[in-house]
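Reader: I have a model open and would like to go through it. Can you take my questions as they come?
Author: Go ahead.

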Amino acid sequence: MIPLAHYIGLSAMLFAIGAAGVLVRRNALIVFMSVELMLNASHLGLVAFSRFREALDGQVLVFFGMTVAAAEVAVGLAIIIAVFRSRKTVNIDELRSLNG
Amino acid sequence: MHFPPVQFDWIAAVPMTLLSVGGLGVLLLDAKGKGRNPLVSAGAAAAVLVATLLWFVHPLVPHATAADARSFTSMLTVDGLGVFVTVVCILTGLGTLALAPSYMAREGVKAGEIYPLVVFAVAGMSVLAMGTDLMVLFLGLEIMSLAVYVLAGYQRTVDGSVEAALKYFLLGAFASAIFLYGITFMYGAAGSVRLDLVARALASDNPNTVRLAQIGLALLLAGLGFKIAAVPFHLWTPDVYQGAPTPVTAFMSSAVKAAAFALALRILRVGFGAHPMLWTEAVKWLAIATMVVGNLAALVQRDLKRMLAYSSIAHSGYLLAGVAAGHPAGTSAVLFYLAAYLAGNLGAFAVLVAIGEKGDRNLNLDDIAGLYKTHPGLAFALSACLLSLAGIPPTAGFFGKFLVFNAAVKAHMIGPAVLIALTSALSLGYYLTVIVKMYMAEPAREYITEPPTVGVRLVVVASVASVFVLGILPSLVQGLAEQAAIPLP
Amino acid sequence: MIDPHTIGSLLCLIPLAPLLGATYNAFIGRRVAKSMGHLAVHGVACAAVAVSLLVSVAGFACLVSMPVEARELRQTLFSWIHVGSFDVPIELVFDPLSAVMCLVVTGIGLLIHVYSIGYMHDDPGYPRFFCYLNLFLFAMLTLVLGGSLPLVFIGWEGVGLCSFLLIGFWFAESKNAAAATKAFLVNRVGDLGFLAGMVVVFSATLRIGSPTLSFSVLRDLAPRLQDASFLGAAVPVVAAACFFFAATGKSAQIPLFVWLPDAMAGPTPVSALIHAATMVTAGVYLLCRTSFLYVMAPDVGAVVALVAGLTACFAATVALFQHDIKKVLAYSTVSQLGYMFLGCGVGAFGAGLFHVVTHAFFKALLFLGAGSVIHAMGGEQDVRQMGGLRKALPVTTATFLVGILSLGGFPLLAGFFSKDVVLWRVLASGHGFLYGLALLTSALTAFYSIRLAVLTFGGAFRGGHEREHHLHESPRSMTVPLVLLAVGCIVVGWLAGPTWLGLIDRFAAWVEPALAVMPQVHEHVDAEVEERAEIVATCVAVVVGLAGMGGAWVMFGWAPGVARALADRLPVLHGYLAGRYRSVFDDVYDRCIVRPLLAATRALATFDQKVVDGLVNGAAALIRLLSRSSGWFDGTLVDGFFQRCADLARALGRAMASVQNGRIQSYLMTLGWALAVVLLLLEFVR
């Protein structure tokens, strides 16, 4: 059986990749996708812990997490579209009129 | 493993149900009217909020008191803390509903979905205030946040508004992901996401459990810090508060903050109440950084909304000091402070709504010069609210600061206590500047002649009245706050 | 016999009547005045003060009729703060000490209200002025009557606020607005002392199990506080030091006196009421009220006395060289406040308080007289433009002379008696150096007061024909208060009739039960010897005072060339004394605090630009924070604040933009770093 540490390691890697994507990519859509990757890292961790503890409730939690992620996508895409309509760009470096 | 008995008390699910079903009803009503009559939607939304409020305060309803909390399974508990914070959020929501119609009409925004969105956000907040399970709390956080993201970007055609929404959304989603990852680790540590079971697992002092819980706690703190706008997680705050429509900013700075503090109190005091050494130090330093940076940055602002945004950060610092102080005095101080802050803050934003103009949304210091000459009433109201935020007696803010200060001293946190006093003195620098400008400078421009609408007036009068009532007779709310603080360990 | 119960329940009228008057003039007065004229404004304002005065007099009469040890009236309005066993009621206390203060504040306040009717007659802000005056009285009376520290603090902050509003009354001139801001900020620095004192007292009483901030309870608890310690020092010492620091702010002592001379920017009745007669005595009152702390901390008392002596002497030397009539009086106020603190410092609280009372009379008289002169001169305040005003302003001249002689310590006038008591008590307590300093100060005082009188009223007019033509005596509403105050100056000193004249010190007998008594340190001296010593000391004081007066008259009245010749012989010294000398403290603050901080700020800014930009934003935030806080300290403590602040704010704004740059990614980056820091922090805590 694959030990728990491997799953958690994979989950941490996914989380780090997602975070790196958030920090370096300039396109709002890609940044957002990277956030979703971070959420999936959490889900993987939950499933792994749940399996390791031989309890189902962790896997149930993942469903809630997925629902939230879906709702976030709906709202996020709408906001990104609104931005594109008003600015004709989704490059987040160009959205800096509010500062100081 | 022995589980505590599970209560299926439907009573506890009522406020949440009322708010979500009511919100859907308002949404349908608005769709049926094709959004042509925003006042109807606003009225309906207000009715939902008032109904929930009445449910809480009506004597016929089984009361949730400190001694007699009611739980819906292990996930929602109607207890003192939950009720107190939910009521604060509902009152803020009502204020927002009263401010929004005239603001939206002036800005030429026609849709009415803003009203059900406010109700949904309040529903999320009530879950945050009453949830006792990390996953439920996460759901509440998201229900609230998703609604507020949309509210912040409500003026789709205005650059600042959509930019604010995108910033808030991307940063918020990032913070949520961190928060969820924190929940994962807590689950790994405790085998459950119920806060009481988390506390019990921690009590075993198993090194693996504590280690995982520590990582989880750090991630949760980062997520909390974001919602609370604690330095250094605060960077989104000024931009978003400035860009969002003013009534929404008022809503965010009062209600979202209150709900986030309920979340923090619940997680830290229920989940980690027996292990304060894990978090007090971190929260104390967050509080110090937040007080100092918030106040210093506010000093150089010229845009009033931005200035109030930094002031809101600074107030988070005082509140965090109360959280770090722990013991009942700290908790009740935080709750009283939230109520006092609501009064002053909502009033200040209401005045900004009243004196703003289309296009000239971003009021800055020079624009309010000599306001006293043309609008003495509004100038007085703004002064009263700002003095309360600055903590000058006899206003609500003074007493809130006093309680937090007192709690910090009791907890032997002399450093933060001294900083509370020092930074409050510092904050006079920017609050007084506004007052001096209003009273002592010549008007720099023509003001609108149309008087504020009934809704705006109502909010202004209610806020100013509460500022003074809470300042002179703080015991009215303080008793409730003290009662609410009892059940937390 | 007046029923104490009835009077007790009327106490709240003393502060509330002026508050109602202020509210009336804030909201309604202006509108009513449109149809009814000024009467609608000052009628209500003066009536409000008259009510306070009447109730105070009734209360006073009531106290007189009570036995000495029971002289106290109380009224509890409601419970204000209630936390556990800790309770702060809104409670007014009328004991001999507050009675004296109430009578002075309301009595002199009423005269100044009446005087303002004439003085402010043509000012467009007429209702606003009376509103502020009434509000000020409300705050001052709250301060005086408050039965607990928080309530006194409300009054304390209130008078600070009113002083800010009134100094900046003519805010259109930026100089006035700057003076108002300076006064407010410097006072806030002092207020920190008050807050700290409250915290010390509160935490100490909390530790002994009965948290309280009420004076009467504290007084009973005082012996138990003696042994408690706070940060390594005895509680009474720390608390007394904190309260004295607070008092240096409000009562203009070294190091925080710098605001008072600038405060003369306000209308003259304000200078008379606030910056001479009442508000500045709040510090002395606070010391008297907390005298039970000072008797337990004799070292603090010595510091108080030393600071007070130095302040008195320094301010008197500055006053010698001023040309602005109000500036001379302002510095003399600082100097006289020094006498009051000197008395308190050596444990003679009654003597200090008596000087408060006499000073209130003659300083109010002098300021109002100066106002009358300025009124006649059409706003001119420079004494070099005056001279010979005795012909045009006979009433003003006569009353002003009474005030000046009283200030200078001319025998048998009010100032003479009170100063004499203070001097004697300083000598009796064995502080030789301080006695010498005080004696020197009284010579200087006598000198500059006569100089002022001679330059203003003696000789010939120096302001040109045009002005001479317009000179006129002031209206009745201004001269009547002057005459009344002058009568007061002649009479009030006899209240503490010197024992060596065979009279009883009624004032001390009245007020001393409300004060703590310094334990006798020196061995008991034979009463007869002591009386003889007192007579000698008085004679010395009289001789010194008369010498000062004579010297001034010789130099400025009899042979005016002498002063000029002296100045010409020592041009450098005279130039310094007449110029930068008075702002020596401002300059020290500028050198020692502002400039180093500004330099550090600049260095940090350079460092920020060149080195730190590449590093994490957290480090940059720290540096900005340092530069900003230093910028703030510059601002609160010094002149020239606005100029520098503008530059600084711009620089800081730029620095600010480096973090709050609007870029989402950099925000996200900070979030990430912060997360890492929190993770590490928790790791270390373990």
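**Chain by chain**

Author: This is a predicted model. Along its sequence, chain A runs α-α-α.

Reader: How many helices and strands is that for chain A?
Author: Chain A has 3 helices and 0 strands.

Reader: What share of chain A is buried?
Author: Of its 100 residues, 35% are buried.

Reader: And the contacts in chain A, how many join residues at least 24 apart?
Author: The figure is 46%, counted among contacts in chain A between residues at least 6 apart in sequence.

Reader: Now the contact with chain B. How many residues does each chain put in?
Author: Chain A contributes 34 residues and chain B contributes 31.

Reader: Which helices of chain A supply that side?
Author: α1 (4-24), α2 (28-53) and α3 (57-87) of chain A each provide at least two residues of the side that touches chain B.

Reader: Which one gives the most?
Author: α3(A) does, with 15 residues on the side of chain A that touches chain B.

Reader: What are the residues on that side, nonpolar, polar or charged?
Author: On the side of chain A that touches chain B, 23 are nonpolar, 8 are polar and 3 are charged.

Reader: Different topic. What is in chain C, in helices and strands?
Author: Chain C has 30 helices and 4 strands.

Reader: How many residues in chain C, and what percentage count as buried?
Author: Chain C has 686 residues, and 54% of them count as buried.

Reader: What about contacts in chain C between residues 24 or more positions apart?
Author: They account for 79% of the chain C contacts with a separation of 6 or more.

Conventions:
Residues numbered from 1 in each chain as written. Chains lettered and ligands numbered in written order. Predicted model: local features only at pLDDT ≥ 70, side-chain atom pairs only at ≥ 80, totals over all residues. Buried ≥ 20, exposed ≤ 12 C-beta atoms within 10 Å, placed from the backbone. Contact = placed C-beta atoms within 7 Å. Nonpolar A, V, L, I, M, F, W, Y, C, P; charged D, E, K, R; others polar.
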